[in-house]
Amino acid sequence: MTFRIIRYFVFFLLIFNGCSKDEEIMLSSEKAITEFKFLKSLNPQLDKDYSGTISGNAVSVDFPHGFLTDNLLATFVISAKATAKIGSTQQVSGETKNNFEQTVTYTITAEDNTVSVITVSLKKIGQAPNFEINKTTSYHQYTSNILYVNLATVMPQSPLYGAYLPDFYNSRAYADFDKDGDLDVMAVSYNYTTNTGLDVEYYKNSNGTYAKDQSVFSGSIPTYVHGRKAIIGDFDKNGWTDVVIAGHGWDQPPFPGEEAKIMFNTNGVFTTKTLPLPAGFFHSVCAGDVDNDGDVDLFLTNNFSTGKFLLNDGAGNFSYDSSVFPNLLGSYFTSELYDINNDGYLDLVNTGHEMEGANSIILWGNYSGKYATDRMTVLPKVTGNQIAVAISFIDYNVDGKMDILLVRTGDNTGSLAFYQGYYIQLLRNDGLSFTDVTNSNIINNSNPNAPKWINWLRVHDLDNDGDLDFSTDDKFYNLEWKNSNGVFSR
């Protein structure tokens, strides 16, 4: 009996020792990364998922410019029974954040304790951000060329309607066009009577005295039936300030529209060129380097069609690119380009007749150089004043975020007729949303009985106290709002 027990004991020892040797032989040596991604669901700042390409011991991810990469969550798959570390920190897929600004090295340890070193690098694609991009915008040019005078002393009367009224010259631009040290004016009025163009007018400034001077136009003087907005910029990069004017043509059915033109300035002399678009109801134009390629592009609103982006080749030659702007139809007729969120890409603010479906919106720019409705913020409306006619920007609370001023007027849905009175709305920037703070921050912001709506608003330091106030662009209105700790009083 004792011998039998000993024999069985020896048998079991042999089996046990055999299993241990087999287990040592079966330890895995696999130590690879087999899948690597950055998921939008885990990194909400991204616009979509981004997957890596694996080649040997290197992972490369085509990753767009403009997104922060110093705090990303990677989702990865490694070999079964292997572990991953960066330095001494254990890595868990979808849980461990890392800084991917530079190449990151993963140490993958197999079950048998052998090690593989795998690098992960981000290959930047798309357009690089330009944190000076606002300097390319027509809005920046407008705020840099401050001419705050009674324009009735500059353009004394409309060529058709006699005595000066502020909306007779909605389309006006200020710059030192002749480089003599003061700001001159180029403007055009409108013709409500017939479908006949009116001359663009140039007013030369000589120490504060303005004189009309049409000799600055080379060849025929450009004309518009209804000029609506003028902007400035050096579009051909020759060192002289050019002018673009958008007009919508005769404001009567069938609304034939008119062509948009650019006046190229060389040594103070302007040569007119028609922009490469069919005639349209061009109510607004703005400019900025939307594709971050070092020149200034154009955007025109068209009430009866979608907005039009014209891309610049750097020498002032423009081409229409339908892919830049989404197919937004409706009564959009006011726009500005500005980098509101300071990410190095121009955002596009569009507004118009909100009561006709044209919500006031921000289309956020990014590395693609394109705008899309899935990157859009809708701005708050104002009942009865659902027509926004002008857009300005101001950091009223000095929190580093750019806030928005909208100039509104009556919309004919209630007690106010079309374009009756004015209403100034202040929208606080809360990130990707905006809050209406008008009631708490602007005293006497509206006048429903004002004889004229306000066409343009100028943000500037009226009282030289170091903070920004705002006023009408034309001192003829005699409307100013002074800033006191972020509260504006008329």
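**Notes on a predicted, strand-rich chain**

1. Let's start with how much is tucked away: of the chain's 490 residues, 50% count as buried. Keep in mind while you look around that this is a predicted model.

2. Now for the secondary structure. The chain has 40 strands and three helices. Its radius of gyration is 31 Å, while the globule rule gives 23 Å for 490 residues, so the chain is more spread out than a compact globule. You can see that in the overall dimensions too: along its principal axes, the C-alpha trace spans about 130 × 50 × 50 Å.

3. What about contacts along the chain? Take the contacts with a separation of 6 or more: 54% of them are between residues 24 or more positions apart.

4. On to the surface and the charges. About 21600 Å² of the chain is exposed, and carbon and sulfur atoms supply 52% of that area. As for charged side chains, there are 57 negative and 34 positive ones. The centres of these two sets lie 7 Å apart.

5. Have a look at Asp-167, in the loop between β12 (162-163) and β13 (171-175). Is this residue buried or exposed? Asp-167 is buried, because its relative accessible area is 9% and the cut-off for buried is under 20%. Its side chain makes a polar contact of 3.2 Å with the side chain of Lys-452. Setting aside residues up to four places away in sequence, Asp-167 touches Lys-452 along with Tyr-190, Trp-453 and Asn-455.

6. Val-290 is another loop residue, placed between β23 (282-288) and β24 (297-302). With 4% relative accessibility, Val-290 counts as buried. Which residues is Val-290 in contact with, leaving aside its neighbours within four places in sequence? The list is Gln-127, Asp-297, Phe-309, Leu-311, Leu-337, Leu-346, Gly-369 and Tyr-371. You can also find Val-324, which is 34 residues from Val-290 along the chain, with 9.0 Å between their C-alpha atoms.

7. Met-355 makes a nice case to set beside those two. Its loop runs between β28 (347-352) and β29 (361-363). Why does Met-355 count as partly exposed? Its relative accessibility is 25%, and partly exposed covers values between the 20% and 50% cut-offs. Met-355 touches Gln-386, Ile-387, Asp-411, Thr-413 and Phe-418, again not counting residues up to four places away in sequence. One of these, Thr-413, is 58 residues from Met-355 in sequence, yet the two are 8.0 Å apart in space, C-alpha to C-alpha.

8. Here's a backbone detail to click on. Pro-253 and Pro-254 are joined by a cis peptide bond, with omega at about 5 degrees. Pro-254 is in the loop between β20 (242-247) and β21 (261-266).

9. Last, two asparagines. Asn-267 has a phi near 55 degrees, which is a positive value in a residue other than glycine. You'll find Asn-267 in the loop between β21 and β22 (269-274), and at 56% relative accessible area Asn-267 is exposed. Asn-464 isn't a glycine either, and its phi is positive at about 55 degrees. This asparagine, Asn-464, lies in the loop between β37 (457-460) and β38 (469-472). Asn-464 is exposed as well, with a relative accessible area of 68%.

Terms used: Residues numbered from 1 in each chain as written. Predicted model: local features only at pLDDT ≥ 70, side-chain atom pairs only at ≥ 80, totals over all residues. Heavy atoms only, no water. Helix = DSSP H or I, 4+ residues; strand = E, 2+ residues; numbered from the N terminus. Rg over C-alpha atoms; globule rule 2.2 N^0.38 Å. Buried < 20%, exposed > 50% of the residue type's maximum accessible area, 1.4 Å probe, protein only. Contact = heavy atoms within 4.5 Å. Areas by Shrake-Rupley, 256 points an atom, 1.4 Å probe, with all protein chains shown as cover. Lys, Arg positive; Asp, Glu negative; His and termini not counted. Charge placed at Lys NZ, Arg CZ, Asp CG, Glu CD. Polar contact = N/O pair within 3.5 Å; in protein donor to acceptor, adjacent residues only side chain to side chain.
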